[in-house]
Structures are given as structure tokens and as C-alpha cells.
Amino acid sequence: MFDAIRSNRRIVQVILGLIVVTFAFFGVESYLGSIGNDSSLATVGDTKIGPAEFENALRRQQDQIRAQFGGEIDIAQLNTPEIRRAVLDGLVNQRLLALYAADSRLAVSADQLRQVIGSIDEFKQDGQFSRSRYEQVLRSQNLSEAAFEAQLRRDVAFQQLTTALGNSAIAARKTARRLLALQLEERTVATARVSAEELAGEVTVEDEQVQAYYQANQQRFRLPARVKVDYLVLDREKFIERIQVDDAQVSSWYQEHPDRYRREEERSARHVLIELGADASDDEVAEATARAEKILAELRAAGGENFTEVAARESEDPGSAGNGGDLGFFTRDAMVAPFSDAVFALDDGAISDVVRSDFGLHVIQVTGIRPEQVRPLDEVRESIVAELRQDQAAREFAHAAETYANVVYEQPDSLAPAAEEFGLEVQSSDWIAREGGSATPFDNVRLVNALFSADSLERKLNTEAVDVGNGRLVSARVTAYEPEKIEGVDEVREEIVAELKLEGASKAAEQRGHELIAKLRAGEEVELAFGEAAKITRGSNELDGLVLRELFSMPASSALPAYGGAAASDKDFVVFRVEALSTPEIPDDDPRLEAVRSQYERILAERDLQAFLAELKRKYKVEVNLAALQSVAS
């Protein structure tokens, strides 16, 4: 089953894209835990989504968007009400799927989980799964094996669910042909512009219009409360940088932890699986055993030379049958006990008797043996040094963090004592808005809330030491404050006048454009300079989207030349002349047909997922606390 999931991973990714917050591999909070209290942002069934879970999800989403744009994006754009609501909706959808998966008893077997973990590159060393590497990565993420494997089980269960939805969408080939024909249709078009900017000089704006616009749009001119601060950052990374580890410490660690660097014996094998449930009847067991014994006899008769052929023909393991039953190298604890016991009792090249496990009956051949060995010190020296520095830094930082928090609290009227105590530089910020959108570390909601508390604004005290993530503690002190205000009409008059002029000019350009189109359709001469004609498809980016939509809404049966137009996003009015239409013939073997069909099936799958989620919202009562959302994100 899991191999089917992996083969359809692209479909799963497309469907999960609708859920907004991707299923993070590390750091996903419990999907089913009751989080929060009266401050919960949403209730899904009997479970709650609290502020901490939301803030973590929001931060992950912002990081992903920043990464997609190479970091070149204004952070204020990533903390809008729309993004915050989308993140919360994503968490609600996750919770709905989790509840459904739990109620439906969607299970992930130990063998499936083992295969997933073994396939993750971060856990591999020299191309093979490494338990020591696995443990090291989890430690670096502050995750226990139990917690990581529990959340991974949930992720795989979600994939099973969304894959089932994705595979249920089927698009007819005839529909795909029609869609492809629409995509490939070309219209030869020349365009001309009626400029709004040129008409703006003819537009007059009265004071009454300015006042009316101002009164109707006051929220547009609202300036949120903001502060400037001095602040200190206690950073764990700085502790790591100054820690030195000598050879004696490395050697001592290596000697004291031999099991960490021991490579267990590994064996490679191939097998033929005959599926047989644990609750199979006696007749089913007898039938499967007879088949397995027949296969075993055939293999032994050929000395195992025909194993690949027989496995491809007979094995019911979808993950290995196509590869001749090959399972690659694995350690003893990587497989279920009966299977491992058989493999590690055989000589290289030997074929086992019929072995029964939870998955069925196996006939196994050992194809390689790598004896147990201890990795040499030189090979693991760098990882030991890094671990010793991390461990020592964690201890020193924990002690320093407690002292730092005490100093900024006990001497609340200045950051200087803490700066002197820890050799830190007092930094100064630019304006920080109450509604967020500032650069790190002031993108942390808890820190921003502390800055706008009464203690900070009225009593002029240091904030508490706030953990802003990634091993950083920040304390800040307000140095300037501007309360929320709405700019006066005189302050924004020029902006309003320019906006009203542009709106009026745009309407004039649209009116003028329609008049010109009417004359062109009547065969009259007009003063309009059309550019050179170009071939345009629905996917072209040569035209403004609003104009493109109007162009292709014109019936293909229209007499040519045909004229039309639309107001563009830049407020100009674009007049177009369609000179020719062309729809190519599409042969039955055109590979684009299958691509379009696949795209359409993804659209259908996304629609089905939305319908499924809507049904889950009816089944599990969902309540969203918009007031709490505004409070926690502002």
C-alpha cells in the first residue's frame, strides 16, 4: 500500500497544497491534543487549536513564503489578516482530517513506518539508514523517537486519505481534448490604448468629493500604534561559537560511547512474499503454504539462479517484486523478528525454508553480508566535536538564560546591567507596529504584546526575557511611542485627489474606448494607433489578465475583423482587433492530451477534497473565534 502512496506523491502534494499549512516534518504539534483554553482560536469537534499552535504554524508558513521568494519580500506582507485566516483554516483542515483518520482507524503498520524512516535521506550515512544519524537528527530537532514516529504515522495516514481522494478523480479523454483545444487556440490580435493618465488633466475634483472619500475610507488612513525600542538578544549560537573542544575530550567521548559508532552487521536479501493474514483460516494457511513450498522447490532446484524471475512472477510484495524481490542491505532490527531471525541465521547465498511473519509467507535468499564494525575516530570526529559543543552550549545557555531573565526583571529601568553582565550590545529598532509586520525578532507575537503592555508604555520598564525561538531570548525597552491615529484629511488630501482623478480618468477612458469600438464595428474611421498584431493564446502573458479574459470571451464564430476592449489593471482602456482565429488539429497520440487530463484530474481532486472537508465540518462541529485570532496575531 505504501508504495502506491509514494508513487502518487505528486498528487498528494498538489492536494495538500489546498490545506495552506503543509504537514511539516519537524515541529508539528499534536494534531489531536486538546490545546488551549478560553483563548483557543478554534474548536474542532472536542479538540481546540490554541495560540501557541497557531503562532508556530504562522511562523512556518511565513518562512516558507520567504524561502520561495529568496527572502526578498516585505515581512509586513506575510502577516496580513488574509494570511492569518488562511493559516488558521489550514490548521482546522488538518484537525478535521486527523479526527476522521482516527475515527476511521486508518493505521500505518510498523513495517510501513520502517520503510518511510529508512527512505529519508537525512537519516542515511553512506547511502544506508544509520540509527546513530537518526538519533542525532531527532536530538537536533528536540524530538523524541516516540514523538517523531507518532507524528510521522499521522502524516502517512493523511497521505493514504488524500491519495484515495486524488485517485478517485477521473477526467474523460473527450473533455481533455476540448480543454487542450481551448488552451492551444490562437487569436491574432492588435491592440491600442486609451490612456487614463492623459485624460486625468480633464478631471476636476471638488472639496466635497475629497471629504466624502475621506469619510468613506477612514480606515485606509489609519496608522497603527507603534514604538521604537532598545533591545538585547541573548543568543545560544554565540555560546556555541566560543566553545573549544580539545582532542582529549573527543577521545574520551568516543571511548565512553562505543555503541554510538558501531555499525551493526548488515545483510542484503531478496524474498518472495505470499500474503497471508494473521487471522487466516486453516484452509487459507494450507493453500498459501502449498504455494510457497512449490516456489521454494523451484528456487532450490535452480540453486537460486532464477530468484529474480520467480520473485517478479510470484511475489505479492508490490515494493520489491518489480525489482526481483531485492530488499537491499538492512540491520537485524529493521525487519520483523521472524524475517530477521531467518536472514541472520543463513550463509551468504543460502535460501531459507518457508518463513511466516505478520505479512505472510516468505522464501528468502541472502545476497550479501557486511560484518559488524566500529567506525574509526577520524571518521566521526567532526560529529563528536559538534555534539560536544552543542551540549556544553546548551548547559551554559540554560544557566545564562536564567540569570539574564532575573537581571532584566530585577533591574527593570535599564538594559545596561544585563548588557554589561553578558557582554551584549544594546541595539535600537526602527518603528514597530502594534499590528505586526516587523522584521525578526519583532515578528514574535508574545514580544510585541509585551512591548505594548502598560508596563512598557506607561511604567517604562524592560519587557521580560521573551523566547523568540531558535535559542534566542530578547528583552526590550520602549524609547518612543506613537498611539494609533487616523491621519487628518489635510494630511492625505493630495493622495485622495490623485486617486479620485485617476478613477475619473479611468471611467472617461472606458467610455471613450466603448465609443471607439462602436465606431470600428460600424466601419467608421477612428484616430486610434493599433500596434503590430501578435498571436495570443489563453496562457499568454502579453496582455493584461482582464483584457485577456475579455478577448477570449468573444465567440470564435465572430466575423473578422472583430473589435472589443476592456479596462486594464493600470486603469487604461485597451481596444483590441481580432484579425484571425486558429485551432490546431490534435492527434490521438498527442502527449499533451494526457498531461491536460492529469491536470484536470488534479482540479477535480482538489474540488473533491474541498467537498470532503466541507462534509467533515458538518460532521465535526467547527467554531472559529475571530476575536481571539485578531488578538493573538495583532
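**Exercise 1. In which loop does Lys571 lie?**

Residues are numbered from 1 along each chain as its sequence is written, and the model is a predicted one, in which local features need pLDDT of at least 70, side-chain atom pairs count only at pLDDT 80 or more, and totals for chains, interfaces and linings use all residues. Side-chain values use heavy atoms, with hydrogens and water left out.

Solution. Step 1: Lys571 is placed in the loop between E20 and strand E21 (573-582), where helices (H or I, at least four residues) and strands (E, at least two) are DSSP runs, numbered from the N terminus. Step 2: look at the backbone, where Lys571 has a positive phi of about 80 degrees although it is not a glycine. Most residues other than glycine have a negative phi, and most peptide bonds are trans. Step 3: the relative accessibility of Lys571 is 32%, so Lys571 counts as partly exposed, given that buried means under 20% relative accessible area, exposed over 50%, and partly exposed in between (1.4 Å probe, protein chains only).

**Exercise 2. Describe Asn470 in the same steps.**

Solution. Step 1: the loop between strand E16 (466-467) and E17 holds Asn470. Step 2: Asn470 is not a glycine, and its phi has a positive value, near 55 degrees. Step 3: with a relative accessibility of 66%, Asn470 counts as exposed.

**Exercise 3. Find the cis peptide bond before Pro561, and then relate Pro561 to Arg521.**

Solution. Step 1: the bond from Leu560 to Pro561 is cis, and its omega is near -5 degrees. Step 2: Pro561 is found in the loop between helix H21 (545-553) and strand E20 (562-567). Step 3: Arg521 belongs to helix H20 (residues 489-521), and it is exposed, with a relative accessible area of 58%. Step 4: although 40 residues separate Arg521 and Pro561 in sequence, their C-alpha atoms are 8.9 Å apart in space. Step 5: when neighbours within four places in sequence are left aside, Arg521 is in contact with Tyr563 and Gly564, contact meaning heavy atoms within 4.5 Å.

**Exercise 4. Work out the sheet that contains E9 and E12.**

Solution. Step 1: the sheet is open and has 4 strands, in the order E10-E9-E12-E11, with antiparallel pairing; two strands pair if DSSP finds at least two bridges between them. Step 2: strand E10 (326-331) and strand E11 (355-357) stand at the edges with a single partner strand each, so one side of each has no neighbour in the sheet. Step 3: on average, and with direction ignored, neighbouring strands of this sheet are turned by 45 degrees against each other. Step 4: E11 and E12 run antiparallel and are joined by 3 bridges, and Arg356 has Leu361 in E12 as its bridge partner.

**Exercise 5. Show how H13 and H14 are placed on this sheet and against each other.**

Solution. Step 1: H13 lies across E9, E11 and E12 and runs at about 35 degrees to E12. Here axes are lines fitted to C-alpha atoms, for helices over the stretch in contact, and angles run from 0 to 180 degrees between N-to-C directions. Step 2: H14 also packs on the sheet, where it touches E9 and E12, and its direction makes about 40 degrees with that of E9. Step 3: the axes of H13 and H14 come within 10 Å and cross at roughly 160 degrees. That makes H13 roughly antiparallel to H14, since angles under 35 degrees count as roughly parallel, over 145 as roughly antiparallel, 65 to 115 as roughly perpendicular and the rest as oblique. Step 4: the contact is made by Arg291, Ile295, Glu298 and Leu299 of H13 together with Phe307, Val310, Arg313 and Glu314 of H14.

**Exercise 6. Which residues of helix H14 (residues 307-314) are buried?**

Solution. Step 1: the buried residues of H14 are Phe307, Val310, Ala311 and Glu314. Step 2: these residues cover an arc of only 100 degrees around the axis, which puts them on the same side of H14; the arc is that of the directions from the helix axis to the C-beta atoms. An α-helix has 3.6 residues a turn, so residues three or four places apart point the same way. Step 3: the cover over these buried residues includes strand E9 (266-275), helix H13 (282-301) and strand E12 (360-370).
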